[in-house]
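I am opening a notebook on this structure and will write down what I look up, entry by entry. The sequence and the structure come first, and my notes follow.

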Amino acid sequence: MVSSDKGISVSVEPLNYADIPACARITASAFSVDPHTTVKQLGRRPYDMYAISRSGFLNTLHKKNYIYVKAVDDATGEILGHAGWAFRGVDQASVPWSGPGDAKPAEEERGQGQEDCDEAKNEAKKANGEEKEENSIDRLHALEDADMQYWLSSIVPTDARCMFVVGLIVSPSHQSRGVGRALISHGNAIADELGLPVWVHSSHQAYEAYGKFGFETVRKLDIDLDEYAPRGPEEGEPVMGEKGSGRWGRYIVRYMKRTPKRKNG
């Protein structure tokens with residue numbers, strides 16, 4: 001149980017299949033005010049954060065080299081945030097995995113099969129040349145994918161044991177109230193216990209929070225959103241720069257690392 005300075009008390013608990021819709025909604029809500037995500041949603045292919053989050057949980061929640069947790073309001077039982085970590089090069093017996101406490105719903109199994117089928121059809125279209133034309137958002141995805149692969153292959157030691165933050169999201173209505181602190185601290189405690197460094201691909205908005213908990217920037221990707229956006233921002237859409245300027249602004253992705261703290265004794 002963790003209590004923040006503003007009086008909110010949360011417990012960090014294993015995430016269950018039944019929690020996926022609530023957690024995916026939190027993800028979608030948090031990213032709805034992110035200019036980077038808003039620009040990506042202007043592409044011809046859907047960029048639905050609810051669907052992306054939901055699919056990620058369904059694909060990995062059962063895997064024992066992943067840990068997923070939720071932050072629950074002790075007063076109301078409401079889920080206020082969630083986080084996940086992946087382990088690389090670590091003996092599964094060492095991972096403190098408790099897994100979901102419920103079974104994967106049968107309809108989700110069928111739905112996931114349909115998603116896999118749809119993805120296969122999309123890949124076949126690409127192979128047959130049905131999607132030859134590349135647009136600016138495709139180029140943005142390609143830039144970020146290439147930079148991510150460089151980070152994973154050239155910055156993170158490929159033969160080293162480590163953890164990756166695969167997601168850490170707090171409901172916008174409960175940010176700056178200790179929920180993120182509880183989630184980050186939970187992962188850091190596991191890392192310290194196992195003596196593992198933790199890596200994170202941080203959004204522009206989250207890097208300061210990670211910095212407060214021992215993460216240091218090792219690489220940056222500076223993106224001029226206006227170079228890739230097919231149009232300027234409309235009224236009410238989030239931007240990085242001055243509102244009303246007609247520009248999306250620059251967005252910096254930071255790759256960060258935290259070194260484990262040595263245990264006393």
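Which residue lies over the face of Tyr207? I looked this up first, bearing in mind that the model is predicted, and found that Arg254 lies over that ring, at 3.5 Å from the ring centre.

**Entry: aromatic pairs**

I then turned to rings that meet other rings, and the search gave 6 aromatic pairs in the structure. For Trp151 and Phe164 I noted ring centres 5.8 Å apart and planes at 85 degrees, and since an angle over 60 counts as edge-to-face, the pair is put in that class. Trp151 belongs to helix α5 whereas Phe164 belongs to strand β5, so this pair ties together parts that are 13 residues apart in sequence. I checked the burial of the two residues as well, and both Trp151 and Phe164 are buried. Another edge-to-face pair is made by Tyr210 and Phe215, with 5.1 Å from centre to centre and 65 degrees between the planes. Tyr210 counts as buried at 6% relative accessibility, and Phe215 counts as buried at 4%. Coming back to Trp151 and Phe164, I found that they form one aromatic cluster together with Trp199 and Tyr255.

**Entry: helix α5**

Since Trp151 had led me to α5, I looked at this helix next. Helix α5 runs over residues 136–155, and its 20 residues should span 28 Å at 1.5 Å a residue; the end C-alpha atoms are 27 Å apart, which agrees. At the start of the helix, a side-chain oxygen of Asn135 reaches to within 3.2 Å of the backbone nitrogen of Ile137. I listed the buried residues of α5 as Ser136, Ile137, Asp138, Leu140, Glu144, Asp147 and Trp151. As a reminder to myself, an α-helix has 3.6 residues a turn, so residues three or four places apart point the same way. What covers these buried residues of α5 includes the helices α2 (35–40) and α8 (225–228), along with the strands β5 (162–170), β6 (198–202), β7 (215–224) and β8 (250–258).

**Entry: helix α3**

I made the same kind of check on α3, which has 12 residues (49–60) and reaches 17 Å from its first C-alpha to its last, close to the 16 Å expected at 1.5 Å a residue. The N-terminal end of α3 is capped by Asp48, which has a side-chain oxygen 2.9 Å from the backbone nitrogen of Tyr50. Within the helix I found Met49, Ser53, Arg54, Ser55, Phe57, Leu58 and Thr60 to be buried.

**Entry: helix α6 and the loop before it**

For α6, residues 179–194, the 16 residues should span 22 Å at 1.5 Å a residue, and the end C-alpha atoms, 23 Å apart, agree with this. The buried residues of α6 are Val179, Ala182, Leu183, Ile184, Gly187, Asn188, Ile190, Ala191 and Asp192. Gly195 follows the helix, with a positive phi near 70 degrees.

Is Ser176 buried or exposed? I found it exposed, with a relative accessible area of 65%, in the loop between β5 and α6. Its phi is near 65 degrees, a positive value in a residue other than glycine. I set beside this the general rule that most residues other than glycine have a negative phi.

**Entry: Ile26 and Asn16**

Ile26, in helix α1 (residues 20–31), counts as buried at 9% relative accessibility. Its C-alpha atom is separated by 7.0 Å from that of Val170, although the two residues are 144 residues apart along the chain. Apart from its neighbours within four places in sequence, Ile26 is in contact with Ile79, Leu80, Gly81, His82, Ile169, Val170 and Ser171.

Asn16 lies in the loop between β2 (9–14) and α1. A polar atom of the Asn16 side chain lies 2.5 Å from the backbone nitrogen of Gly101. Neighbours within four places left aside, the contacts of Asn16 are Leu61, Lys70, Pro100, Gly101 and Asp102.

**Entry: cysteines**

How many disulfides does a search of the whole structure find? The search finds 0. I also looked up the burial of two cysteines: Cys23 is buried, with a relative accessible area of 0%, and Cys162 is buried too, with 1%.

Note on methods:
Residues are numbered from 1 along each chain as its sequence is written. This is a predicted model: local features need pLDDT of at least 70, side-chain atom pairs count only at pLDDT 80 or more; totals for chains, interfaces and linings use all residues. Side-chain values use heavy atoms; hydrogens and water are left out. Helices (H or I, at least four residues) and strands (E, at least two) are DSSP runs, numbered from the N terminus. The expected span of a helix is 1.5 Å times one less than its number of residues. Buried means under 20% relative accessible area, exposed over 50%, partly exposed in between (1.4 Å probe, protein chains only). Contact means heavy atoms within 4.5 Å. A polar contact is a pair of N or O atoms within 3.5 Å; within protein, one must be able to donate a hydrogen and the other to accept it, and residues adjacent in sequence count only if both atoms are side-chain atoms. Rings of Phe, Tyr and Trp (its six-membered ring) pair if their centres lie within 6.5 Å; planes under 30 degrees apart count as stacked, over 60 as edge-to-face and the rest as tilted. A charge sits over a ring if NZ of Lys or CZ of Arg is within 6 Å of the ring centre and within 35 degrees of the ring normal. A disulfide is a pair of cysteine sulfur atoms within 2.5 Å.
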